[in-house]
Amino acid sequence: MTNYATQMQMAQIAEQIQLVQIAVEEVRQGQEFDRLAMAYSCQQKLVQALAIKNPELKAMALLRIASDAEDSRNLLMQSQNANVAFIKGQPESFWGKLISGAKPEKVDARMGEIRESLCAINMVSLTEAMAYQEMGENEAAQQSLQYYAGYIQDTYLSDMKFVQRLDLLDPATENYWSTNLPVIKEKIQALVEEKAKWISENVKEQAEILGY
């Protein structure tokens, strides 16, 4: 009877732990949805701000959008870092997965979050750069894009073995990570270089006008 009572208590404790884990996961997912909503909100705000006719109001709206986009991007990056750390912490061997690895459906869910979050980071980074460009602040737009390119390099492309592992873990059939991450970085870097060239030429032109 004592053993039976002990087993029942352990079963109840295990059930409570599982309920707590489910509640924590629901909160985490809710926070991720909030971060994604904020990013897409910045995109829509930019569309609406571009339609504003009053120059002063338009400039104020664009500056606010650039600030909100930077906040949104960094929140998404922190979430991305947590999911990347989760994937890196998963054992790679068969026995390791069996003993201490997360359930496959949980790994798949995290992979889906990483991909969706990365798309949102890409979108909100371009939103911020476009807001700065619309204000004529091309150097700020350049720095924003450079920051994003550096994040892609540091988080992913500095460890190609991890990128290949993402390809293996991703439920998608195509090699999304090894194929698209270098392309994203190249396109962002091209935008950075194009803006740097434009800034350089513009400064030179202004200097000539002023007689320097």
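**View 1. Asn138 is a buried residue of helix α5**. In this predicted model, Asn138 has a relative accessible area of 9%. Values under 20% count as buried, so Asn138 falls in that class. Asn138 lies in helix α5, the helix that covers residues 138–157. Val192 is 54 residues away along the chain. In space, the C-alpha atoms of Asn138 and Val192 are separated by 9.8 Å.

**View 2. Ser144 is a second buried residue shown from helix α5**. Ser144 is found in α5. The relative accessible area of Ser144 is 4%, which means that Ser144 is buried. Which residues does Ser144 touch, not counting those up to four places away in sequence? They are Arg73, Ser125, Glu128 and Ala129.

**View 3. Leu62 of helix α2 is buried**. Leu62 lies in α2, which spans residues 55–88. The relative accessibility of Leu62 is 2%. Leaving aside neighbours within four places in sequence, Leu62 is in contact with six residues by name: Leu46, Ala49, Leu50, Ala131, Glu134 and Met135. Take Met135 from that list. Leu62 and Met135 are 73 residues apart in sequence. Their C-alpha atoms are 7.1 Å apart in space.

**View 4. Helices α5 and α6 cross roughly perpendicular to each other**. Two packed helices are described by the angle between their axes and the distance between the axes. Here α5 (residues 138–157) and α6 (residues 160–169) have axes that come within 8 Å. The axes cross at roughly 75°. Angles of 65 to 115 degrees count as roughly perpendicular, so the term applies to α5 and α6. From α5, the contact uses Thr155, Tyr156 and Leu157. From α6, the partners are Met160, Phe162, Val163 and Leu166. The residues of this contact of α5 with α6 divide into 6 nonpolar, 1 polar and no charged.

**View 5. Helix α6 also packs against helix α2**. The axes of α2 and α6 are 11 Å apart. At what angle do α2 and α6 pack? The angle is about 85°, and α2 and α6 are therefore roughly perpendicular to each other. Val84, Ile87 and Lys88 represent α2 in this contact. On the α6 side they meet Phe162, Arg165, Leu166 and Leu169. The residues of the contact of α2 with α6 divide into 5 nonpolar, no polar and 2 charged. Phe162 and Leu166 of α6 appear here and in the contact with α5.

**View 6. Cys42 is buried and Cys119 is partly exposed**. The relative accessible area of Cys42 is 1%. For Cys119, relative accessibility is 39%. A disulfide is a covalent bond between the sulfur atoms of two cysteines. How many disulfides does the chain have, with sulfur atoms within 2.5 Å as the rule? The count comes to 0.

**View 7. The whole chain, for orientation, has 7 helices and 0 strands**. Read along the sequence, the pattern is α-α-α-α-α-α-α. The chain has 212 residues, and 33% of them count as buried. Asn138, Ser144, Leu62 and Cys42 are among the buried residues. The chain exposes about 13300 Å². Carbon and sulfur atoms supply 57% of that area. What share of the contacts with a separation of 6 or more comes from residues 24 or more positions apart? The share is 76%. The contact of Leu62 with Met135 links positions 73 residues apart in sequence.

Key
Residues are numbered from 1 along each chain as its sequence is written. This is a predicted model: local features need pLDDT of at least 70, side-chain atom pairs count only at pLDDT 80 or more; totals for chains, interfaces and linings use all residues. Side-chain values use heavy atoms; hydrogens and water are left out. Axes are lines fitted to C-alpha atoms, for helices over the stretch in contact, and angles run from 0 to 180 degrees between N-to-C directions. Helices (H or I, at least four residues) and strands (E, at least two) are DSSP runs, numbered from the N terminus. Angles under 35 degrees count as roughly parallel, over 145 as roughly antiparallel, 65 to 115 as roughly perpendicular and the rest as oblique. Contact means heavy atoms within 4.5 Å. Ala, Val, Leu, Ile, Met, Phe, Trp, Tyr, Cys and Pro count as nonpolar, Asp, Glu, Lys and Arg as charged, and the others, Gly among them, as polar. Buried means under 20% relative accessible area, exposed over 50%, partly exposed in between (1.4 Å probe, protein chains only). Accessible areas come from the Shrake-Rupley method with a 1.4 Å probe; for residues, only the protein chains shown count as cover. A disulfide is a pair of cysteine sulfur atoms within 2.5 Å.
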